[in-house]
Amino acid sequence: PPHPLIGFASILAIAVGAGASGALNMWYEADIDALMTRTRKRPIPAGRLDPESALAFGLVLASLSVFTLGYVANWFAAALLAFTIFFYVVIYTIWLKRSTPMNIVIGGAAGALPPMVGFAAATGDINLASVVLFAIIFMWTPPHFWSLALLKRDDYGRAGVPMLPNVAGEDRTRLEILIYALALAPLGVAPWLLGFASLAYGVVAIGFGIALVAAAAAVFKRREGDAARAAARRMFLFSILYLFALFLALVVEQTAHVFALI
């Protein structure tokens, strides 16, 4: 494993890079943020921050995060972090989000890249394990955000964002959530099946995967009124817990392995 100080600085740099992406996203989307109830209290639309300051803040954070990671870890990881920020801000925020209902599907790659960045920071390379972790988050992103889109369909419609419920309808969105959940559940077990996680992780992944599919099935079945909204809300919240549980299990397992080596 890398030196603890290098590991801490690398994680901090990746987190700051994520913050930079968020700041630049909110700078560019201030116009539509002002139209949506869930985002209108963000600093720019609420008038607490001017757009130029937000842009400068995001660019400074992005530059510092990339150069810090390159200096403390390696420049391959730094280049991958720079690409992640670019993908989120330019490909997802500026291009995809307002032009296609597949914005979340393609744009989800940006949110899925950090495990690969972290692996590159630790090793100077990427391997199958980091690609599988990327794939888990990539497949997780659409059902997670489409559940939110079912709850905030009016918001997105007011802002002119072509989320799947607004373009293809709620029934199609419910079907897609279920399809992605059915694909994600076995993929979540892949780290154990491929031998870079233990049986304990496999048990966690199987249990949470079954629960995730059940939550998605409830969204698919309940299509009217308060029951439909409650099912979508449960799916959205449980999907957060699902991803957290899988990665926490990996972190605990790897930490125990490192201490065993020491």
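**A tour from Asp155 to the core and the surface**

Begin by selecting Asp155, whose side chain reaches the backbone nitrogen of Arg38 at 3.4 Å, a polar contact (a pair of N or O atoms within 3.5 Å; within protein, one must be able to donate a hydrogen and the other to accept it, and residues adjacent in sequence count only if both atoms are side-chain atoms). This is a predicted model, in which local features need pLDDT of at least 70 and side-chain atom pairs count only at pLDDT 80 or more, while totals for chains, interfaces and linings use all residues. Residues are numbered from 1 along each chain as its sequence is written, and side-chain values use heavy atoms, with hydrogens and water left out.

Asp155 lies in helix α8 (residues 153-159), helices being DSSP runs of H or I with at least four residues, numbered from the N terminus. With a relative accessible area of 3%, Asp155 is buried (under 20%; exposed is over 50% and partly exposed in between, with a 1.4 Å probe and protein chains only). Leaving aside neighbours within four places in sequence, show Leu35, Met36, Thr37 and Arg38 as the contacts of Asp155 (heavy atoms within 4.5 Å).

Next, select Tyr201, which, with Leu69, Ile136 and Trp146, has the most contacts inside the largest nonpolar core, a set of 72 residues (buried Ala, Val, Leu, Ile, Met, Phe, Trp, Tyr and Cys joined through side-chain atoms within 4.5 Å). Helix α7 (residues 128-151) gives the largest share of this core, 12 residues. Beyond neighbours within four places in sequence, the contacts of Tyr201 include Ile136, Trp192 and Leu250.

Finally, select Phe86 in helix α4 (residues 75-96), which counts as partly exposed at 42% relative accessibility.

Conventions. Helices (H or I, at least four residues) and strands (E, at least two) are DSSP runs, numbered from the N terminus.
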